Amino acid sequence: MTEFVSALLLQSGYNAALVAIGSALLGLAAGGTGTFVFLRKRALISDAAAHSTLPGIGLAFIIMVALGGDGRNLFGLIAGSALSAIVGLLVVDWITKSTRLPEDAAIGAVLSVFFGFGVVLLTVIQVMSAGKQAGLEGYLLGSTAGMLFQEAATIALVGAISAGALLLLHRRMIVVAFDPQYAETMGFSVRATDLMTMGLVLLVTVIGLKVVGLILIVALLIIPPVTARFWTNRVDRLVTIAAVSGGLAAYIGAALSAAYPKVPTGAIIVLVSFVMFAISFLLAPERGVVGSLLRHLRFQHRVHRRQGLLELARGETIYDRMTLRVLQRAGYLRGDGVATLAGRAAAAQELKNEARWEIARRRNIEFADAARFDGLSQIDTVLTADEIAEIDAELSRQIGAVS
Amino acid sequence: MIGQEFVQLSLTPMLVGILASLACALPGNFLLLRRQTLIGDAISHVVLPGIVVAFLISGSIAAWPMMLGASGAALVAVLMIEAVKRFGRIESGAAMGVIFTSMFAGGVLLLEQSDTSSVHLDVQHALYGNLESLIWLSAEGWGSLFDLAALSEMPPQVGRLFVVLALVVAFIAVFWSSLKIATFDESFALSIGIPARLLGFALVALTAIAAVAAFDAVGSIIVIAMFICPAATARLMTDDLVVQVLWSAVFAVVSAVLGYMLAGYLPGLLGYDYAVSAAGMMATVSGLILGVACLFGPKRKRIAPTA
């Protein structure tokens, strides 16, 4: 535990601190960028980008070795991966535009075929380097052990650049995500904006390769926006919450991985992010599962209470088990089904309110708020005391007319 | 290449490749038309945590616990994706992305934490499979195909995949017309009494079975490629579902055979004496075929809206 705390406070050594800060910036940029991909309902296209980096990594390695250099040069590998991810995205785009195949098929085809070809190249490299570990497997699942200063600095720098770009571009991205036609009239090209979004995705993906690996990087783009969606309906907050939760998950994950042995950085970052998602999914007040369930139960309770009281007032026999339970628990009904004094009073009150509502709704010009009638709200929470008094006067006139 | 050596070393991997490709490509046709192709992608990612958990519980890497674990994981993943979609009101692509990456990450973490040094179980194996190692040493030539003793020594993957392929073909044949109607018009299918939702779930279950069986032999890349590429290629060839399914079978077999041959012999032809990953090559070939179909397939265009 103490190791974890000291890693959280960046006290676990220079390298661990570098990795933690770099990861946090990466997570921040990924969460923010991912939000726009999520809003465009194209979450999985980033998976195609991530998987199609593999042949680029392999080719870059082969070319760098052929030119007599070090095949593991980070910049060379990043350039190669970016180029092949661009090719992959263009192919997805081309297939969707020029054939009748749906986008999901294009995404799946590109990600599996590019990845397959990348694996072919990896076996070539294995033979080329003759038993020496080429270390490219690290890009599949990420590896932060022994990260160099310049590598960490690159990640931090690119993370900061993409965060800055996001800040500059988020307004037009929001407009395009919600109303592409309106965006066009405002002079924002939808196509150009989509390209910018994909450019940011690409940036996050290629720098994420080293930390999280190409199989899991997509998680950093998808999970934080989905998590954020449970907490807000406003898009500016959505971006902020996604970015913060992505950054936090990456930071905590990097610290955990530094503190405990045999905890791979990429996997633990994704899992921390998933925990945040799971908590939001269950407990978020508006959209969370528990909240929705409670709201549903409360609603059900109110319906049964009202139905039951009206039936009591009209002297009808109640058969519904749930209604009986609700009334008995409220003390309105005895165990043998006979109404208590309190029950009869509540029933009378409910019947009176029902009659008041009827008048309010008939004279809905005077009582505009009566349009808010949903069958359940108490009348005194909707109409003012004066209005109710007037309705009661009308009510007694009616009763007088009948008798 | 056609003698005893071929039967011993190349016949079984090739056969396994063909069977696995077919078992994935056939249900792939329906997944494609129902816009569910990425469910194959999701399932093949969650196979990893499934087999790791199965290994931790059973302590062995025998085939059956692995298959059970992987199917269990596939089932859990499908249910969780459905829950996130329905209760969280999240769009399906994003829901899939959340669940399969998290489960895969869980598998990686468990694998690192547990001691698997004594057994052959790692992420690379899960991704690439071990097609090349499926050799049939007791074969003495083509005649061994009719020799029961030699047949029983064949790698067990052949038999398992054969059973799974038979299951896939039987399912599609038996439910052909219902499946067809449910795929193209679910509300109509429901209105004439076809249990379309159940059928859809059965299709996903079948996908999972095919993915798990194929995965054991060929790894997950090829599984994803074969779910999508042959069916997508076939879709660009014809408007007729029967013809499409037949085309997809042809493309699956061609990708498997050609991919295996290229992986084994292409480097040799270029003057190098090694082989490259057969699974990767099969996926590559299936993609190249799809690329050709995207350029020249007779039915590649969307039907233009009639004026």
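This passage describes the interface, the salt bridges, the largest pocket and the cavities of a predicted two-chain model.

The model is predicted, and local features were accepted at pLDDT of at least 70 and side-chain atom pairs at pLDDT 80 or more, whereas totals for chains, interfaces and linings use all residues. Residues are numbered from 1 along each chain as its sequence is written, chains are lettered from A in the order in which they are written, and side-chain values rest on heavy atoms, with hydrogens and water left out.

The contact between the chains (heavy atoms within 4.5 Å) involves 58 residues of chain A and 62 residues of chain B. The buried area, defined as the accessible area (1.4 Å probe) that two parts lose on being put together, summed over both, is about 4900 Å², of which 74% falls on carbon and sulfur atoms. On the side of chain A, the greatest losses of area to chain B are those of A:Leu44, A:Arg100 and A:Leu101, which together account for 15% of what that side buries. A:Arg100 also pairs with B:Asp239 in a salt bridge, with 2.8 Å between the closest N and O atoms; here a salt bridge requires a side-chain nitrogen of Lys or Arg within 4 Å of a carboxyl oxygen of Asp or Glu. The rule finds 1 salt bridge across this interface. Polar contacts (N or O atoms within 3.5 Å; within protein, one able to donate a hydrogen and the other to accept it, with residues adjacent in sequence counted only if both atoms are side-chain atoms) link 11 residue pairs between chain A and chain B, both residues being at pLDDT 80 or more. Helices are DSSP runs of H or I with at least four residues, numbered from the N terminus; helix 6 of chain A provides the largest share of the side of chain A that touches chain B, 17 residues. By class, that side comprises 40 nonpolar, 9 polar and 9 charged residues, where Ala, Val, Leu, Ile, Met, Phe, Trp, Tyr, Cys and Pro count as nonpolar, Asp, Glu, Lys and Arg as charged, and the others, Gly among them, as polar.

Over all chains, 16 salt bridges are counted. One of them joins A:Asp93 and A:Arg191 at 3.3 Å, N to O. Because A:Asp93 lies in helix 5 and A:Arg191 in helix 10 (residues 190-211) of chain A, this pair ties together parts 98 residues apart in sequence.

Empty space was mapped on a 1 Å grid over the protein atoms alone: a cavity is a set of points where a 1.4 Å probe fits but cannot get out, a pocket is an open set with protein on both sides within 12 Å along at least five of seven lines, and lining residues have an atom within 4 Å of a point. Points are joined across faces, edges and corners, and a volume is the space filled by probe spheres set on them. The largest pocket, of about 820 Å³, is lined by 30 residues, with B:Arg35, B:Gln36, B:Lys85, B:Ser92 and B:Met96 nearest its centre. Helix 3 of chain B contributes the most to this lining, 6 residues, and the lining divides into 14 nonpolar, 4 polar and 12 charged residues.

The count of cavities of 30 Å³ or more is 7, and the largest cavity has a volume of about 90 Å³. Residues lining the largest cavity include A:His51, A:Phe115, B:His45 and B:Ile224. Its lining has 6 nonpolar, 4 polar and no charged residues.

Technical notes. Helix = DSSP H or I, 4+ residues; strand = E, 2+ residues; numbered from the N terminus.
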